[in-house]
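Here's an informal walk through a complex of protein chains and DNA strands. Have a look at the model, then read on.

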2 protein chains.
Amino acid sequence: MTSLPSGDRPGDRPAVGLRERKKAKTRAAIQQHALRLFREQGYAETTVDQIAEAAEISPSTFFRYFATKEDVVIQDQYDPLMIAAFKAQPPDVSPVQAVREAMISVFGSLSEQEWAEEVQRQKLIAKVPELQAAALRQVAAGIEMLAAAAAERAGRRPDDLAVLAFAGAVVGVAIATMAAASAASAASPAPSARSGRSARPGRSGRTAPQVGDFASLFAAALDHLEDGLKL
Amino acid sequence: MTSLPSGDRPGDRPAVGLRERKKAKTRAAIQQHALRLFREQGYAETTVDQIAEAAEISPSTFFRYFATKEDVVIQDQYDPLMIAAFKAQPPDVSPVQAVREAMISVFGSLSEQEWAEEVQRQKLIAKVPELQAAALRQVAAGIEMLAAAAAERAGRRPDDLAVLAFAGAVVGVAIATMAAASAASAASPAPSARSGRSARPGRSGRTAPQVGDFASLFAAALDHLEDGLKL
DNA sequence: GCACCATCTGAAAGTTACTATCTTTTCGGA
DNA sequence: TCCGAAAAGATAGTAACTTTCAGATGGTGC
């Protein structure tokens, strides 16, 4: 059902048709307005029609870009980058370490604003149970991709149980760590409805979570993983 | 979610209440007809109205018993048992093994009929992505409780990174295992309509049960987890 | 430059899950 | 037998999708 719309990643190829660029622009506009409305008036309280109106498209067009209302929030552009970074690790690095390096390199390449937006996204998901369910589905897809990559690296079959356990555990730990990192910033609640852009981190007292926080937490968590999760 | 039966105090009130029995009967009837219809004509192709008609109730009554259509399939009464079984494990057992043993003991204590229904449930879930997502959410919720229990067991705080990593890893492995079990189930189409089933292997023994092979796969995956996910 | 074609877009109506409110029925206790 | 309370039913909504069809638009071969 989830027909992956081939490649819509901006900056992937410089010379794409004008049509493609327009599409990407519309997609970004929808997402941007949707997230703003969700933040301002809540997820359930925002209808697709409102989003469509804000983005100056028709409601039917909305569903051409996003299969469901949830997808506007859920779609994650970082998963493919993660997989690519994982595959790029030298083969003598242990799988768990490879994951750590990949994760760090991807999130380390984010700008502060990108990171702040990601945190906002996570918070919104954490707040709405409906979105949590959808996010889990995406997580499952991520696990499958990682399992495939890990299997190739280790020269095993993708349905090898050890490979699946590895992928599942690593992704699970990543999520738990991310949640912990996001929770650390619970002190700074909702940004005022007026501000269209997400607030710059590092202002007004306590700073928002930094990439470094997440990286160190994640590295530590992976150590626990390799130790067999002793408590 | 469902209100606890509450009136299970023996001797206090001799009558279990005729009303309560009728309620339980109606609930069972809804579930039974729903599962039959889902099996016969598919999940998405079955409307709530059809279920209501088959169970001889009004559509509005359906939602008095089940908050959502998914809940007819998803509602799982075993999660609390699982937590209890986890807590009951001797303290010298490692956390991961405690999870393993808890799951095995719960599934092993099911009656024949409960078992058969559970198998059917799992197969239906494996077939419908929508239900998989809902089931995943339930698993995740259950694991949150598990994390709290694990923290208590180890005498640590619930936000301890090791505890979070443990819970996250277990969730991740559960998700990966579920996907694998679904794939395996899809590969070998079940003799669905017929209720004839072979005797459950290892009923009295401690051998792994095979609910779409989920339980046994999960147990094996947990072993990998404890071994530090070597590949 | 021009016609052809696939794709994107919009309008409108339909389906269905789910909710809210109100009335009727039914049960339990005295 | 009667009364209060809980459950069930009927009805009318809301909003997320879906489908269908007609028209606009950008890319491509000529």
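## Helix α8 of chain B

First, a word on terms: a helix here is a DSSP run of H or I covering at least four residues, and helices are numbered from the N terminus. Keep in mind too that this is a predicted model.

With that in hand, take α8(B). It has 26 residues and spans 36 Å from first C-alpha to last, close to the 38 Å expected at 1.5 Å a residue. Right after α8(B) comes Gly155(B), with a positive phi near 65 degrees.

## How the two chains relate

Lay chain B on chain A and you get an RMSD of 1.9 Å, using a turn of 179 degrees and a shift of 1.3 Å along the axis. That's the relation of a two-fold axis. Looking for the spot in chain B where a C-alpha gets nearest to that axis? Go to Gly172(B), 1.0 Å away from it. Both copies use the same surface, with 90% of the contact residues of chain B recurring in chain A.

## The chain A–chain B interface

Between the chains, 40 residues of chain B are in contact with 44 residues of chain A. On the chain B side, the elements giving two or more residues are α6 (95-108), α8 (129-154), α9 (161-187) and α10 (214-226). Which of them supplies the largest share? That would be α9(B), with 17 residues. By class, this side of chain B splits into 29 nonpolar, six polar and five charged residues.

The two α8 helices also meet each other. The axes of α8(A) and α8(B) come within 8 Å and cross at roughly 100 degrees, so α8(A) is roughly perpendicular to α8(B). On the chain A helix, the residues involved are Gln132(A), Ala133(A), Ala134(A), Leu136(A), Arg137(A) and Ala140(A); they meet Ala133(B), Ala134(B), Leu136(B), Arg137(B) and Ala140(B). In this helix-to-helix contact there are eight nonpolar residues, one polar and two charged.

## Around DNA strand C

Now for the DNA. Strand C has 18 residues around it, and the ones that come nearest are Ser58(A), Thr61(A), Leu18(B), Thr68(B) and Lys69(B). Two or more residues each come from α1 and α3 of chain A, and from α1, α2 (48-54) and α3 of chain B. The biggest giver is α3(A), with three residues. The surface near strand C divides into five nonpolar, eight polar and five charged residues.

## Around DNA strand D

Which of the 20 residues around DNA strand D come nearest? They're Gly17(A), Leu18(A), Lys69(A), Ile57(B) and Thr61(B). Here chain A supplies at least two residues from each of α1 (18-41), α2 (48-55) and α3 (59-65), and chain B does likewise from α1 (18-41) and α3 (59-65). By class, the surface near strand D has five nonpolar, eight polar and seven charged residues.

Terms used
Residues numbered from 1 in each chain as written. Chains lettered and ligands numbered in written order. Predicted model: local features only at pLDDT ≥ 70, side-chain atom pairs only at ≥ 80, totals over all residues. Near = placed C-beta within 6 Å. Nonpolar A, V, L, I, M, F, W, Y, C, P; charged D, E, K, R; others polar. Least-squares fit on C-alpha atoms with pLDDT ≥ 70 in both. Contact = placed C-beta atoms within 7 Å. Axes fitted to C-alpha atoms, helices over the stretch in contact; angles between N-to-C directions. Parallel < 35°, antiparallel > 145°, perpendicular 65-115°, else oblique. Expected span 1.5 Å × (residues − 1).
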